[in-house]
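Me: Please take a close look at one part of this model, the open sheet, and describe how its strands are arranged. Add what can be said about the parts around it.

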Amino acid sequence: MSADLSRTGLRASDADRDRAVDVLNGAAGDGRLTIEELEERVTAALSARTLGELAGLTADLPAAPGRAEAKELVRIEQQAGSAVRSGGWVVPRRLEIESSWGDVTLDFTQAVIAEATLRIDLNMHAGTLKLVTRPGVVVDTDLLVVEFAQVKTRPSGDAGAPVALRVEIAGRMTYGQVVVRPARRSVFRRSRTP
């Protein structure tokens, strides 16, 4: 079964429904849908339970203008170096990291999240994988094998935030560490008057 087919049964989030409505509105603006078709499809999108239902409503339409498309696979391969993804980078569906004696930092604080899940296949020796999260980014390390390594996880601090991205880390880490932490907030202190 392909990855796309296996994802269609996943439950849709509010963000998924909003993206589908954006595509439908854009198509109506281009004259691809009549007002009646738009109303019918928007109603169906807002009540859709799965990604498959949403995909069926937009399958015959182009993606909304300006919407970031996630790549299926991105690879980071390095030796004795460092790689950083930060700012408005587009989170792919799958990330393969092959690293020896180096560090990899994935900063999600301003990342463009176009998919619900990121799978990281890790093969790292003597380095650090650091994930900087924001509310709604959840990291699962249950499938990661660690040898002479450690995993440090700190939640983002907003347990009630809806999940926007689930990061699943699998593979192997030896003689290194995985650090998951929220973004540091700037603290401005005012001097107190006596």
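Reply: Two strands are said to pair if DSSP finds at least two bridges between them. On that basis, β2 and β4 are paired: they run parallel and are joined by four bridges. The model is a predicted one, and what follows was computed from it.

Within the β2 and β4 pair, A83 stands opposite V104 in β4. Strand β4 covers residues 103-107 and also pairs with β6, in the parallel sense, over five bridges. There, D103 stands opposite T128 in β6. Strand β6 in turn pairs with β10 (residues 177-182), again in the parallel sense, over six bridges. L131 has V180 in β10 as its bridge partner.

Taken together, these strands belong to an open sheet of five, in the order β2-β4-β6-β10-β8, with parallel pairing. Its edges are β2 (82-85) and β8 (150-153), each of which pairs on one side only. On average, neighbouring strands of this sheet are turned by 5 degrees against each other, direction ignored.

Strand β6 deserves a further word. It spans residues 128-133, and five of its six residues are buried, so the strand is largely enclosed by the rest of the structure. Buried here means a relative accessible area under 20%.

A residue of another strand, β9 (residues 165-174), is G171. G171 is partly exposed, with a relative accessible area of 30%. That value lies between the cut-offs, since buried means under 20% and exposed over 50%. Apart from neighbours within four places in sequence, G171 is in contact with L122, L143, L144 and V145. The C-alpha atoms of G171 and M124 are separated by 8.6 Å, although these residues are 47 apart along the chain.

Last, a pocket. The second largest pocket has a volume of about 330 Å³. Its lining is made up of 17 residues, and those that lie nearest its centre are S13, D16, A116, V163 and A164. Helix α2 (residues 14-29) gives the most to the lining of this pocket, with four residues. By type, the lining of the second largest pocket divides into eight nonpolar, seven charged and two polar residues.

How values were computed:
Residues numbered from 1 in each chain as written. Predicted model: local features only at pLDDT ≥ 70, side-chain atom pairs only at ≥ 80, totals over all residues. Heavy atoms only, no water. Buried < 20%, exposed > 50% of the residue type's maximum accessible area, 1.4 Å probe, protein only. Helix = DSSP H or I, 4+ residues; strand = E, 2+ residues; numbered from the N terminus. Contact = heavy atoms within 4.5 Å. 1 Å grid on protein atoms, 1.4 Å probe; cavity = no way out; pocket = protein on both sides within 12 Å on 5 of 7 lines; lining within 4 Å. Points joined across faces, edges and corners; volume = space filled by probe spheres on them. Nonpolar A, V, L, I, M, F, W, Y, C, P; charged D, E, K, R; others polar. Axes fitted to C-alpha atoms, helices over the stretch in contact; angles between N-to-C directions.
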